[in-house]
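Got your viewer open? Load the structure and follow along, one selection after another.

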Amino acid sequence: MHGFPKASPESKGISSETLLKVMKKLKELEYINSIIILRSGHSVLESWQYPYKRETPHQLFSLSKSFTSCAVGLAQAEGLLKITDKLITFFPEYAECVTDKRMLEVSLEDLLTMRSGHLVCSTKYMFGQQDYIKAFLSSPLDTEPGITFTYNSGATYMLAAVIRKVTKENVREYLIPRLFKPLQIVSGIWECCPQGINLGGWGLSLTTDDLAKFSYLLLQRGKWNGKQIIPEDYLAAATTKHADNSMNTLPDWQQGYGYQFWVSRHGYRGDGAAGQLALVLEEYDLCISVTSCLSDMQKLLDVFWQELLPYLNSSPLPENPQAYRKLQEYTNEFKIQPPENSVAKKTVNVCFKFEENRAGIQKCEVIGNENSCALTFYTVNGIEQLRAGFGHFEFSVIQLTDARPHPVAAFAVWEDADVLKISSFIRDGIYRDVWTIDFSNPEKPVKHESLCSCFRPLKPAFVLSSAKKY
């Protein structure tokens, strides 16, 4: 039991044919990892695209911001802060670090609405520093606070730091008895800065079932099983437009910004890099939770606007067991299909040596047979191995330059007689990596491509240059 009773789509005013069309459109995107659609408190669609698993907590990236916002609302209700408070009042010990007097006027509401006065994300000043609070407070501002919207994960980090200051707990620990435990969510990892403060703007991992609970809590205006979990007045304000973001180019990113929530063309949402989504549509008594690794998040929302919302009904439809069975069969077989080889497989056993690179890879051994292959990386931190199957997935755990290890699934294909291509998927996040080994090119035989790498502050793209065969 994962928290929500299942119901046929028809019983909740949605045809199974409509949801099948939605799933097929989602299949065209690279890649939807999972989806749960709830209507009237019932699950009408849920699916995990293999090799992603229901039980695996998934990195939420900036969707973490919406949880931090809830913590601020709770702390305000408990009298620990007011969102009109100036940020510097929580950190008087840093007053001498302030280099721009306008920083003294930044309020918590300015941070919540991404109007801190920065015109670039303030993590620019924070990454690589030991003290993120000092780095933020000493950073220069470009405008007066409270005026111009600039998406700013560093601003959310400062909200997490304020929660830590006033509660003596990290956001995660503060939310456990107030949010996570009432919703029966086992709170996952929330990554921290060098000083041990939750990152706030990113870093939280939850399962899709947990994300669906959060989405439904929002749909119920902060109420769960008859009990008010998040203050309704705060949540109403948080999901209303406060900041003008019409300068953005994508239509669902220019409808307005609340307190760490985006206003959409329909409803509102919390979202994170590459398509982590908690979409709330009160008008339709509907919420949608998604994890994915997409390069174009607008296409994801467009599927729901075009293929789902126009076909919703306010009353039940006649049951259609045959269509419902087809939908279930499709969702049960929703998977990434490794390609079959078009050229003959062969056995390889080669080792390449690398010049200095940011990944710290010193050499890489490539071993393969007709069934599978493996890349064994010898790095400055130890030995790691990526395994891949021909025509099927193989599983391993890889860390390399990231902050923590990740479960990985990978498949391989011979593109021609001399070129081996390995595609890997981090199963708890958005990262997709492609390794191409060209055995006919002794100067630069190994090429690495990191997809979604622009969302990867803790895992920079590898620089694998001038590799030489042993």
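Start with helix 8, residues 208-219, and put a distance between its end C-alpha atoms: they are 16 Å apart, which agrees with the 16 Å that 12 residues should span at 1.5 Å a residue. Bear in mind as you go that this is a predicted model.

Stay on helix 8 and colour by accessibility. How many of its 12 residues are buried? The count is 12 of 12, so "mostly covered" applies here, with buried meaning under 20% relative accessible area. The charged side chains are worth clicking on: Asp-209, Asp-210 and Lys-213 are among the buried residues. Aromatic ones on that list include Phe-214 and Tyr-216. Then step off the end of the helix to Arg-221, which follows helix 8 and has a positive phi, near 55°.

Next, select strand 9, residues 276-281. This strand is mostly covered too, with six of its six residues buried. Show the side chains and look at each face in turn. In a regular strand, side chains alternate between the two faces of the sheet. Here one side carries Gln-276, Ala-278 and Val-280, the other carries Leu-277, Leu-279 and Leu-281, and both sides are covered.

Now bring in the neighbours of strand 9. Add strand 8, residues 268-272: it pairs with strand 9 in the antiparallel sense, over five bridges. To see one of those pairings, pick Asp-271, whose bridge partner in strand 9 is Leu-277. Follow the backbone round from strand 8 to strand 9 and you trace a hairpin with three residues between the strands. Stop at Ala-274 in that turn, where phi is positive at about 70°.

Then add strand 10, residues 286-292. Strand 10 also pairs with strand 9 in the antiparallel sense, over five bridges. Val-280 is a good one to click, as its bridge partner in strand 10 is Cys-287. Strands 9 and 10 form a hairpin as well, with four residues between them. In this turn the residue to check is Asp-285, with a positive phi of about 55°.

Keep Gln-276 displayed and select His-58, which sits in strand 3, residues 58-59. Is His-58 buried or exposed? Its relative accessibility is 4%, so it counts as buried. Turn on polar contacts: the His-58 side chain makes one with the side chain of Asn-33 at 2.8 Å, and another joins it to the side chain of Gln-276 at 3.4 Å. Expand the selection around His-58, skipping neighbours within four places in sequence, and the residues in contact include Leu-204, Ser-205, Leu-206 and Thr-207. Thr-291 and Ser-292 are also among them, as are Arg-427, Asp-428, Gly-429 and Ile-430.

Jump to Ser-43 in strand 2, residues 42-48. With a relative accessible area of 3%, Ser-43 is buried. Its side chain reaches that of Glu-46 in a polar contact of 2.8 Å. Beyond four places in sequence, Ser-43 touches Phe-4, Pro-5, Lys-6 and Ala-7, along with Ile-36, Ile-37 and Leu-38.

Last stop: strand 19, residues 446-451. Which face is covered, and which is uncovered? Val-446, His-448 and Ser-450 make up the covered face, while Lys-447, Glu-449 and Leu-451 lie on the uncovered one. Add strand 18, residues 432-438, and you will see it run antiparallel to strand 19, joined by six bridges. Finish on Arg-432, which stands opposite Leu-451 in strand 19.

Note on methods: Residues are numbered from 1 along each chain as its sequence is written. This is a predicted model: local features need pLDDT of at least 70, side-chain atom pairs count only at pLDDT 80 or more; totals for chains, interfaces and linings use all residues. Side-chain values use heavy atoms; hydrogens and water are left out. Helices (H or I, at least four residues) and strands (E, at least two) are DSSP runs, numbered from the N terminus. The expected span of a helix is 1.5 Å times one less than its number of residues. Buried means under 20% relative accessible area, exposed over 50%, partly exposed in between (1.4 Å probe, protein chains only). Two strands pair if DSSP finds at least two bridges between them. A polar contact is a pair of N or O atoms within 3.5 Å; within protein, one must be able to donate a hydrogen and the other to accept it, and residues adjacent in sequence count only if both atoms are side-chain atoms. Contact means heavy atoms within 4.5 Å.
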